[in-house]
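Hi,

Here is the structure I promised to pass on. Have a look at it first, and my notes on what turned up follow below.

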Amino acid sequence: MTDAADLAARVREGDLRLHELDDHADADVAAEARRRLVESETGATLSAVGDYGFPAERAESNIENMLGAVQVPMGVAGPVSVNGGAAGGETYLPMATTEGALLASVNRGCSVLSAAGGANARVIKSGMTRAPVFRVEDVVEAEALVAWVRDNTDRLVEAAESTTSHGELLDVTPYVVGNSVYLRFRYDTKDAMGMNMATIATEAACDVVEAETEAGLVALSGNLCTDKKPAAINAVEGRGRSVTADVTIPREVVEERLHTTPEDVAELNTRKNLVGSAKAGSLGFNAHVANVVAAMFLATGQDEAQVVEGANAITTAEVREDDLYLSVSLASLEVGTVGGGTKLPTQSEALDVLGVRGGGDPAGSNADALAEYVAVGALAGELSLLSALASRHLSSAHAELGR
């Protein structure tokens, strides 16, 4: 077998490029060669980066030029009782983060949710989108293209679904801006997050549009999808899973466990999450949903850049018959339990903690359950932080935990 030191030397001498190392050695030796090269050229020591716990070949479809792994501490919050459409029972929530006090806060929220009888969670809408942009001559051609799409949706469905054995094209919505026409394709991608599936299927449908109309494809993504960017269309129409979780907490539980009152939490939520966010022009009307989404995404192998859309959430609170009603609605949570980073060994184990690894029966049920668990985690996080603010315990809690 080729020696890693020799491979690193050949890269330094210009005989090989970094990405060619995998053609000359197995994945672990290639990774070691890259570490040796980077260490020699930067003076860094990469011994911790090189001490990873799975064969490098398991990550070949997830990363290029691998030289090791970054290890993010993972913990669990819970158990928490969940009454979901796809999820149910008591479960621990795996979370990976470097932010001290986050899991302690979410864990406190989970304990209160369980004391209140558990949280409800439901996926309200599902659909991964891809929106190509076409060039037309003028608005007359634009209107003709829109009419053609509406009259020939079945042909687009046939073309798109010919590329996948799982995905289903649900609808195509046209948008016109001058001589640009955007077609927002929405797919049921079952248990996959489905971005690649949607992209490949949409390309096949675009071939039909170009062959049958005067429109010319400019880009397979016209940013009306919208992927990995803050967007009002995702807040309104949704992308991935639109999921909501809620709970009604008895007054005595709020007072004894959270050291505040339903009235104070409800007022704080209105003035902070709703009015404050509106004044700031925020697309997220919540306290820190991104914290939970990011931590659970890292733990379970989701696309971490899609935290941008996942944090597009609204938290509501009100006093209901003397008790506290709290909800969090995540409009565009893009999650999957197959494909992507979900098949990496540590991420697969985190999905096993939730009982949602792989494809569900029926198809899509595991990804629905994962979305509901993330929503419940976000609800626990919102409850805990709002209560800490209402009781003025936020800074003291961080100080006590030494953060």
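One thing before the details: this is a predicted model.

I'll begin with the pocket lining. Sorted by class, the residues around the largest pocket come out as 19 nonpolar, 17 polar and four charged. The volume of that pocket is about 1300 Å³. Its lining runs to 40 residues, and the closest to the pocket centre are Asn 62, Gly 301, Gly 341, Leu 344 and Gln 347. If you want to find the place by secondary structure, three elements give two or more residues each to this lining: α6 (195-212), α10 (289-300) and α12 (345-354).

Next, the enclosed space. Counting from 30 Å³ upwards, there is one cavity in the structure, and the volume of the largest cavity is about 40 Å³. Around it you'll find Ser 126, Gly 127 and Met 128, then Tyr 187, Asp 188, Thr 189 and Met 193, and also Gly 240, Arg 241, Glu 334 and Val 335. Strands β3 (119-130), β6 (180-188) and β8 (240-249) are the elements that supply two or more residues to this lining, with β3 giving the largest share, three residues. By class, the cavity lining splits into four nonpolar, four polar and three charged residues.

Where does that cavity lining sit in terms of domains? At least three of its residues come from each of domain 2 (74-124 + 241-402) and domain 3 (132-219). For orientation, the domain assignment also has a domain 1, covering 12-59. The C-alpha centres of domain 1 and domain 3 are 42 Å apart.

Last, a helix pair. How do α9 and α13 pack, and at what angle? Helix α9 (residues 262-280) meets helix α13 (residues 365-390) at about 100 degrees, and their axes are 9 Å apart. Angles of 65 to 115 degrees count as roughly perpendicular, so that is the label for α9 and α13. On the α9 side, the contact is made by Asp 264, Val 265, Leu 268, Asn 269, Lys 272 and Asn 273. Facing them from α13 are Glu 382, Leu 386, Ser 387, Leu 389 and Ala 390. Taken together, the residues of this contact are five nonpolar, three polar and three charged.

That's everything from my side for now.

Cheers

Methods. Residues numbered from 1 in each chain as written. Predicted model: local features only at pLDDT ≥ 70, side-chain atom pairs only at ≥ 80, totals over all residues. Heavy atoms only, no water. 1 Å grid on protein atoms, 1.4 Å probe; cavity = no way out; pocket = protein on both sides within 12 Å on 5 of 7 lines; lining within 4 Å. Points joined across faces, edges and corners; volume = space filled by probe spheres on them. Helix = DSSP H or I, 4+ residues; strand = E, 2+ residues; numbered from the N terminus. Nonpolar A, V, L, I, M, F, W, Y, C, P; charged D, E, K, R; others polar. Domains from an automatic or database assignment. Axes fitted to C-alpha atoms, helices over the stretch in contact; angles between N-to-C directions. Parallel < 35°, antiparallel > 145°, perpendicular 65-115°, else oblique. Contact = heavy atoms within 4.5 Å.
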